[in-house]
Amino acid sequence: MKKITKATYLKWYEDMLFWRKFEDKLAQVYIQQKVRGFLHLYNGQEAILAGSLHVMDLTKDKMITAYRNHVQPIGMGVDPKKVMAELYGKKTGTSQGLGGSMHIFSKEHRFYGGHGIVGGQIPLGAGLAFADKYFKRDAVTLTFMGDGAMRQGSLHETLTMAVNWNLPVVFCVENNGYAMGTSVARTSKSTEIWKMGLAYDMPCGPVDAMNPIKVAEAMDEAIKRARDGKGPTFLELKTYRYRGHSMSDAQKYRTKDEVAEYQKIDPITQVLDVIKDKKYATDKQIKEIDKRVKDLVSECEKFAEESDYPDASLMYDAVYEQEDYPFLSHKVE
């Protein structure tokens with residue numbers, strides 16, 4: 001695995017703090033009704049992305065996930081201003097404002113979306129891996145899903161095919177405790193999700209996903225296995241989300257004390273503690289990082305606010321390829 005150095009810790013801290021503050025800003029503007037529809041935030045789960053990116057080859061590896069998908073493309077290299085604009089529905093967004101919160105996408109940076117259908121991205125992730133194997137591209141696809149997707153038939157069909165065809169894919173279950181609002185303990189006799197991989201004779205295991213080092217170690221092994229032609233891995237990334245499933249979630253299924261206990265092992269705090277203990281940065285340097293993060297979030301907000309909405313004609317161009325489609329009552333100029 002690529003060595004974890006002082007620079008790694010400083011990058012992790014700045015990246016994870018930015019992702020957290022980016023999501024906090026989205027929560028703020030959502031309440032102001034500047035962002036509409038559903039909004040699913042990543043707060044608390046940042047160590048998964050930080051650890052994964054550390055061991056990925058961003059020149060060829062791919063990522064696909066569900067609808068909690070704002071910060072992953074930023075980590076993959078997408079301009080965060082464009083991500084913010086997409087959530088605002090502006091034409092400067094990643095999909096010209098047509099995708100919105102649950103559908104961030106960037107072919108250029110090999111991020112193949114957020115997907116609103118629970119488990120819908122799982123077979124697509126295996127499909128991306130199949131294409132890479134078919135065309136001998138030496139790439140690996142990280143396919144993320146939530147614990148709520150474990151009861152979907154598409155998961156089991158995909159695992160069967162992936163292990164049978166030896167596909168270069170890593171199946172990553174972000175077990176954040178409650179799916180939409182129901183714990184695994186209430187939906188399954190077995191609460192150890194990673195053991196599902198045993199049924200498919202697939203390497204599998206649990207990961208402490210509040211710690212980016214543990215994530216990096218597990219992902220590195222799985223990615224190497226896939227790149228070496230040894231097939232898929234099934235990982236249960238045990239994490240916790242501090243906010244609700246979406247902004248409309250009243251969170252009656254858990255207590256504030258439970259959330260507070262998990263905040264004691266916040267991934268950002270863990271990394272910052274190491275930086276301070278090892279004297280990787282002074283208090284002044286840490287404050288400079290904090291200011292850079294704050295300023296960048298403000299830039300993203302300003303860019304989104306000042307961008308224009310797409311023209312109505314774009315909707316017709318994106319949906320209807322046929323120019324004289326018979327059910328169009330009028331042509332928007």
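Buried here means under 20% relative accessible area and exposed means over 50%, with partly exposed in between (1.4 Å probe, protein chains only). The model is a predicted one, so local features need pLDDT of at least 70 and side-chain atom pairs count only at pLDDT 80 or more, while totals for chains, interfaces and linings use all residues. Residues are numbered from 1 along each chain as its sequence is written, and side-chain values use heavy atoms, with hydrogens and water left out.

Take the sheet to begin with. Helices (H or I, at least four residues) and strands (E, at least two) are DSSP runs, numbered from the N terminus, and two strands pair if DSSP finds at least two bridges between them. On that basis, 5 strands make an open sheet with parallel pairing, in the order β1-β2-β3-β5-β4. The edges are taken by β1 (62–64) and β4, each with a single partner strand, so one side of each has no neighbour in the sheet. From one strand to the next, the twist averages 20 degrees (axes are lines fitted to C-alpha atoms, for helices over the stretch in contact, and angles run from 0 to 180 degrees between N-to-C directions).

At the β1 edge, β1 and β2 pair in the parallel sense over 3 bridges, and lysine 62 has threonine 141 in β2 as its bridge partner. At the other edge, β4 (residues 204–208) pairs with β5 (residues 233–238), again in the parallel sense, over 5 bridges. Here proline 206 has glutamate 236 in β5 as its bridge partner. Helix α7 (residues 212–227) joins β4 and β5 in a right-handed β-α-β unit; right-handed means that, with the strands pointing away from the viewer, the path from the first strand over the helix to the second runs clockwise. In a regular strand the side chains alternate between the two faces of the sheet. Strand β4 shows this nicely: Gly205 and Val207 point to one face and are buried, whereas Cys204, Pro206 and Asp208 point to the other and are not.

Now for the charges. A salt bridge is a side-chain nitrogen of Lys or Arg within 4 Å of a carboxyl oxygen of Asp or Glu, and the structure holds 20 of them. One of these ties aspartate 132 to lysine 62, with the closest N and O atoms 2.8 Å apart. This pair links distant parts of the chain, aspartate 132 sitting in helix α5 and lysine 62 in strand β1, 70 residues apart. Aspartate 132 and lysine 62 are both buried. Aspartate 57 and lysine 60 also meet through their side chains in a salt bridge (3.9 Å, N to O). Both count as partly exposed, aspartate 57 because its relative accessible area is 24% and lysine 60 because its relative accessibility is 24%.

Arg20, Glu46 and Asp266 are linked in a salt-bridge network. Glu46 belongs to helix α2 and is buried there. In fact, 10 of the 10 residues of α2 (residues 46–55) are buried, so this helix is largely enclosed by the rest of the structure.

The surface has a nonpolar patch of about 570 Å², made by Phe130, Tyr134, Phe135, Met161 and Trp165. Patches are made of residues with over 30% relative accessible area and no salt bridge, like charges being joined within 9 Å and nonpolar side chains (Val, Leu, Ile, Met, Phe, Trp, Tyr) within 5 Å. Phenylalanine 135 lies in the loop between α5 (121–134) and β2 (141–146), and counts as exposed because its relative accessibility is 52%.

How values were computed
Areas by Shrake-Rupley, 256 points an atom, 1.4 Å probe, with all protein chains shown as cover.
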